[in-house]
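Please open the structure in your viewer and keep the selection tool at hand. The tour below goes from stop to stop, saying at each one what to select and what is to be found there.

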Amino acid sequence: MEVRAKAPGKIILAGEHAVVHGSTAVAASIDLCTYVSLTFPTNSDNDDKLRLHLDDMALNFFWPVGKIKEALSEKGSHAPSSPKSCSAETINILAALVEEQNIIPEANITLGAGVTAFLWLYTCIQGYKPATVIVTSELPLGSGLGSSAAFCVSLAGALLALSESTNLDPNQQGWLSFGEKELELVNKWAFEGEKIIHGKPSGIDNTVSTYGNMIKFKSGELMRLKSNTPLKMLITNTNVGRNTKALVAGVSERTVKHPTAMAAVFKAVDSISNEVATIIQSPAHDDTAVTEKEDKLEELMEMNQGLLQCMGVSHASIETVLRTTLKYKLASKLTGAGGGGCVLTLLPTLSSGIVVDKVIKELEACGFQCFIAGIGGKGLQISFNSSASSS
Ligand SMILES: Nc1ncnc2c1ncn2[C@@H]1O[C@H](COP(=O)(O)OP(=O)(O)O)[C@@H](O)[C@H]1O
Ligand SMILES: C[C@@](O)(CCOP(=O)(O)O)CC(=O)O
Ligand SMILES: [Mg+2]
């Protein structure tokens, strides 16, 4: 029996970083996903290993399950229905199991945190069973499109789908969706995984990846938004690598140094996000109304970008994208943690195709990568393949 899970990445339309400090943010899923396949060996396979294949990076890890059990001793806890934080001490134990394999390139230290999160989610949800887990992703890693959350949500989804805590029918064909209670459980586990990767996540990324669509999020609470007009966003990947954990920590440091000024910044972001959510949901019956909505969204994106600069998370490459799109009267803001990564540019409904082609050409000439993603699709989905056996 093989179970597959797929979970989408996301864009943050307003409120990144400030959301970690209690402000409102607005996010939407995108149609680029991370996929996890989970298979247990049959008795005749005689395999005692937990195997993790990160196919996109051509990295293959394996641990004898007895070794994981011995390393964790009483710190491991097999309790799929009770999401639990990984203590700093346990993170160190798991990180040592990852490092021992010596296969993560030095240039990619944050990848180790993802594998550590895998070990935590696996042992808590499935215990010390041998298995093969294969991960593939359409998302660029560490670019602000929520690959870490999609990784944790798809993992938690696949692991829970083959646990006693969920009850999807494995004989059903095609992609299936969990019910509300099960999604809540997946989301909580994914948040625990994000904590290992991000340090101090707000929970917005795992929530939008779990539930899909478009959400407003504040202090752990989600509100589903119903968009009344389709939004078209150009996503530009500056290809400048960064990691969310360091950027989030940087904003926290600034907050400690300048508490009053930063509180004002976060309050302004909260107002911007609420206004963005209201505009997105307001009806627009004709082209004039749509243009009016888009004009307001453009201004709010620019204001949000200014405040992200105040938080210290912009980057020269992001500024280049902003300058380039502004030449064509298009508004942009960074999305996700910033410091490089991806930038969003609103493409108004009535914008000319020629202008869009020109701006893309100019951005690509700077070495950036441009694409238009579908916004607001489904969240986590599961599928079973009863004829598969472990490889
Ligand atoms: N497909 C994947 N396979 C393994 N690890 C992944 C995968 N996707 C994400 N990760 C983990 O998430 C980290 C990137 O997360 P982060 O810095 O938050 O950036 P973002 O979430 O914007 O892509 C990676 O370094 C890795 O630890
Ligand atoms: C900066 C932040 O708001 C979003 C981070 O997104 P990403 O990991 O860069 O995709 C952090 C968070 O909300 O947990
Ligand atoms: Mg992330």
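In what follows, a residue is called buried when its relative accessible area is under 20%, exposed when that area is over 50%, and partly exposed in between. Please keep in mind throughout that this is a predicted model.

Begin with Ala96, which you will find in helix H2, residues 88-99. Its relative accessibility is 34%, and because that value falls between the two cut-offs, Ala96 counts as partly exposed. Add Ala71 to the selection and draw a distance between the two C-alpha atoms: the residues are 25 apart along the chain, and the separation comes to 9.4 Å.

Move next to Trp175, in the loop between H4 and H5, where a relative accessibility of 33% makes this residue partly exposed as well. If you also select Arg4, you will have a pair that is 171 residues apart in sequence and 8.8 Å apart in space, taken from C-alpha to C-alpha.

Now select the magnesium ion, ligand 3. Which protein atoms are its donors? They are OG of Ser148 and NE2 of His198, lying 2.2 to 2.4 Å from the ion. Ser148 belongs to helix H4 (residues 147-161) and His198 to helix H5 (residues 180-198), so that the pair, 50 residues apart, links distant parts of the chain. Are these two donors buried or exposed? Ser148, at 14% relative accessibility, counts as buried, and His198, with a relative accessible area of 8%, is buried too.

The next stops concern salt bridges, of which the count comes to 10 in this model. Side chains of opposite charge can pair when their charged atoms come close.

Select Lys10 and Asp205 first, whose side chains meet in a salt bridge at 2.9 Å from N to O. Lys10 sits in strand E1 (residues 2-14) and Asp205 in helix H6 (residues 204-211), and this pair, with its partners 195 residues apart, links distant parts of the chain. Both Lys10 and Asp205 are buried.

Go on to Glu362 and Lys327, which form a salt bridge whose closest N and O atoms are 2.4 Å apart. Glu362 lies in helix H11 (residues 353-365) and Lys327 in helix H10 (residues 316-327), so the bridge ties together parts that are 35 residues apart in sequence. Glu362 is partly exposed, its relative accessible area being 23%, whereas Lys327, with 57%, is exposed.

A further bridge joins Lys49 to Asp48, with the closest N and O atoms 3.3 Å apart. Lys49 counts as partly exposed at 22% relative accessibility, and Asp48 counts as partly exposed at 40%.

For the last stop, display the surface and select Asp286, Asp287, Glu292, Asp295, Glu299 and Glu302, which gather there in a patch of negative charge. Asp286 has its place in the loop between helix H8 (259-281) and helix H9 (287-311). How accessible is Asp286? Its relative accessible area is 42%, so Asp286 is partly exposed. A patch of this kind takes in residues with over 30% relative accessible area and no salt bridge, and Asp286, at 42%, lies above that cut-off.

Definitions and conventions
Residues numbered from 1 in each chain as written. Chains lettered and ligands numbered in written order. Predicted model: local features only at pLDDT ≥ 70, side-chain atom pairs only at ≥ 80, totals over all residues. Heavy atoms only, no water. Patch = residues over 30% accessible without salt bridge, like charges linked within 9 Å, V, L, I, M, F, W, Y side chains within 5 Å. Areas by Shrake-Rupley, 256 points an atom, 1.4 Å probe, with all protein chains shown as cover. Salt bridge = Lys/Arg side-chain N within 4 Å of Asp/Glu carboxyl O. Lys, Arg positive; Asp, Glu negative; His and termini not counted. Charge placed at Lys NZ, Arg CZ, Asp CG, Glu CD. Helix = DSSP H or I, 4+ residues; strand = E, 2+ residues; numbered from the N terminus. Buried < 20%, exposed > 50% of the residue type's maximum accessible area, 1.4 Å probe, protein only. Donors = N, O, S within 2.8 Å, 3.2 Å for Na, K, Ca; no water.
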